[in-house]
Amino acid sequence: MTSDGRVPAEALPAGTMPAGTLQAETLQAEALPAQTLQVEAPPAGTLQAETPPAEPVRDHRVHWLAADLLAWPRDLLPGDGAGLALELWLGGGAEPGWSGARVVDLARVPGGLPDGVDARFPHLRDHLVLRPVGLTRPDAAEALRGAVVAVARRAGGSAGVLVRTGVQIGGVLDDVYADAAARTLGATWTAGAPSLAVWAPTARLVDLLLYRDGPAGAPTRVAMRRENDGAWTSAGQAGWAGLAYRYEVTVHVPARAGLVVAEVTDPYSVALTADSTHSVLVDLRDPRVRPAIWEHTPVPRVPRAVDRTIYELHVRDFSATDPSVPPEHRGTYLAFAGEGGGVAHLRALAQAGLNTVHLLPVFDFAGVPERRADRREPAADLGAFPPDAEDQQAAVAAVADRDAYNWGYNPWHHLAPEGSYASEGHASGGERVAEFRTMVGGLHRLGLSVVLDQVHNHTAAHGQDPRSVLDRIVPGYYHRLDASGAVVSSTCCSNVATERLMAGKILVDTVVHWARHYRVGGFRFDLMGHHTRENLVAARAALDALTEEADGVDGRGVYLYGEGWNFGEVADDRLFVQARQGNLGGTGIGTFSDRLRDAVLGGTAVDHGSLRAQGFATGLATDPNGHDVRRWSEQEAEAAHLADLVRLGMAGNLRAFAFLTAQGRVQRGDEIDYRGVPAGYADSPEEVVTYVDAHDNHTLFDHLALRLPPATPMAQRVRVAMLALATAALSQTPMMWHAGTDLLRSKSLDIDSYDSGDWFNAVDWSGRESTFGRGLPPAARNRHLWDLYRPLLGRADLRPGPEHIALAREWALDLLRLRFSTPLLRLGSTEHILRKVSVPGSGPGARPGVVLLHVDDRVEVGPDGGPALDDGPALDLDPALDGVLVVVNARPDDVRETVPALAGRVYRLSPVQEAGVDPVVRATTWDAASGTVSVPGRTVAVLVEPS
């Protein structure tokens, strides 16, 4: 036993002692101005009295960037600080107050931030740069384990303190503990025995609490050793396998102005007890967590990123309401390995060409009780209410905090599977691991690669909240703070400072973990624009190093993509170079494109005032819905521009792709406007994911309910839905469909169904019943739209019948078959697209609602659709075809389009459509003499020229 009464690891299983009491509460620094105190200045060197009083500092304006460098905002110093003494007061863990704390003078550094540092902290370039006098790196390391404030007072000690402000310590921790990035954290296993490591550089003490008698029993306390890189380590024993554990961390918390002792789960947990109360020691190589369906089913290979054809799916949506799934497997991982309706649907999609399933968050998240006995379900018979009633949403909302549903964007533990998706009684320890792997194996058996949603831009909580992990271990480090010291929440929740070294390390370690130990084929990053480009590139490099021989997966085939939106405190690269649209050229990392999405549908996804605005597919300037009060010429001008965005999007949304636009001149993609920014932003087609709807915002069917003319017949609505899906399916990029959109899925107009329960998120794989008209969607996020929604939901003619859903299902399969009918629809490189793809019929005279895209496999082509001026060699990418012509006619009427450059060439309708479910498209004709194509209304026709 050590001198402080703890049991060293090597002495186990000797005596036990109860764990320390958790002394934590939810805390958040208030956003108050810098404090101005009138107290007597202490002598230099050491404070001899408790000045200022022991209370939280309510702002954090000064940044400690490195052991020898601080940045102080000039507006915090009167007269730019002339005649003031600037100091650091280092509490060194002294509690309470500041008696005995060290005072360190701060000397001015001329010339601003040094080279390299200014690139890491561009938002601090106008700050006063300071150097702590006489403070060594070991001194800084020790100081960071206690209270730190910055003080300004008049020089000479003749007056009191003028300014006292907290200090943000993220930069200096990265500097002092840079070696920690190379350490393996969490539990590692050797000969059946675990070794544990947790990074807690500011902690005064960390003990391992080991629960031999289960989480409810008294734990054994194991001494952990502090390493030079700020990690605390412990070597375990073989008998620890399967045991629950936590860390007891004693650490200074600025919001408490004192030490807090907290029991915390391992941020690198790979397994947990139910409801994530404790981590569990599980060796992922243990045969008991390696089911045969996962172990022995080959991992599907997607040859190229542009071949990715993605289905975005939520685990509960897949089976929670499916009567063909055994009740005990509904809403669980195991449903993917059975033979229910969802599996049959995925099998049909896979046979037609679908190759990837993107699962919404399946890491451990907060917000759903993991024991079924703790959950609540709506008490009413929701199907008994009228389709436009408020009753359904009221019943769902009454239990929303305790039901089984949440999208899962509340990250708690990044490396462990979510427990609420495990079957009853199997949410603890290795059982949820085994069931997760069973799901992956089931999808692999269908030939589907698995993509996991990753959420590293925020956490479910911060401070001393029980759902907070990272901030309770290293307070003030992992989250991005504003000047007041409050955690920024532009993402929705507690923003992670993704620019921090160890925050970036978690992301890289996480994707390697899931790829290596679960054999997944890709990762989709939530709000990826809140991450640094450097971090995503590091993740790409780490995955590329994985080999099938050593790791069970070829990491080079793992696809990375995400939401490259540009907003919040990080916008326009203010804090760092973001992983956003336009910044990822050359990386092969994709971003969702809102360009084609908004052009096809109309309006924008984030503007609730534009829900009835029309777009290319929904009738702008071709079939008005009566809600656009602009002059007809203005509507036509916007329609022409949106058609250009569709042309650009289907050609890969490349910045270098050029064609004659509605502006009357040849423009590159990055010269075409999209709401004030360049429309074309990618350097390569795999850097764009094309889609028209997703789990966020309205479903495609609901968009059409809002935007099409009210009298549009259901048969025509089906045609528009399939036309919209075709713009993604026939694009030169990876594509994504929202699960069930091929079945005319509705969420009863819910604009944000993340917590709307199974009722509003249900998918009927049988196709017998539409999910439109399930009542007004939840008031919390939709009440302001109810007056718009109510008359729509009450219309029986807006509810598709089984025949409409069946038609859509088969039609979507034809679109997948078309996508894979020729490599000319997925050329795979910028060079090939620039040489071979043209958009005939574009320009000021283009017909509204019509887009043509031609892929020439005989010669390179120029922006006008004719032969290119250079004499480069022809690239025969499809020996069976000389060309493909895609015609998208979103107009309600038939069109005839002449392409003079194609006169004399013989095109015919693709065999896929000749044999397909849509009889209307078979009325398409081609006149070779003139190069004229005729296409029926609201039809996408793919014509091919055999070699």
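**Note on the predicted model**

1. The protein has a mean pLDDT of 92, and 91% of its residues reach 70 or more. Residues 1–44 stand apart from this, with pLDDT below 50. This stretch nevertheless has 106 contacts in the model beyond near neighbours in sequence. The structure discussed here is a predicted model.

2. A further stretch deserves mention. Over residues 869–873 the pLDDT stays under 50, and the model gives these residues three contacts beyond four places in sequence.

3. The second largest pocket has a volume of about 690 Å³. It is lined by 35 residues, of which Arg316, Ala320, Thr321, Asp322 and Asp758 are the closest to its centre.

4. Which element supplies the largest share of the lining of this second largest pocket? Helix 17, which covers residues 757–761, does so with three residues. Sorted by class, the lining of the pocket comprises 14 nonpolar, nine polar and 12 charged residues.

5. Strands of a sheet pair through backbone hydrogen bonds, in either a parallel or an antiparallel manner. One open sheet in this model consists of three strands in the order 36-39-38, and its pairing is antiparallel. Strand 36 (895–898) and strand 38 (925–927) are the edge strands, each pairing on one side only. On average, neighbouring strands of the sheet are turned by 15° against each other, direction ignored.

6. Within this sheet, three bridges join strand 38 to strand 39 (residues 932–935) in the antiparallel sense. Asp927 has Thr932, in strand 39, as its bridge partner.

Note on methods:
Residues numbered from 1 in each chain as written. Predicted model: local features only at pLDDT ≥ 70, side-chain atom pairs only at ≥ 80, totals over all residues. Heavy atoms only, no water. pLDDT = per-residue confidence, 0-100. Contact = heavy atoms within 4.5 Å. 1 Å grid on protein atoms, 1.4 Å probe; cavity = no way out; pocket = protein on both sides within 12 Å on 5 of 7 lines; lining within 4 Å. Points joined across faces, edges and corners; volume = space filled by probe spheres on them. Helix = DSSP H or I, 4+ residues; strand = E, 2+ residues; numbered from the N terminus. Nonpolar A, V, L, I, M, F, W, Y, C, P; charged D, E, K, R; others polar. Pairing = 2+ DSSP bridges. Axes fitted to C-alpha atoms, helices over the stretch in contact; angles between N-to-C directions.
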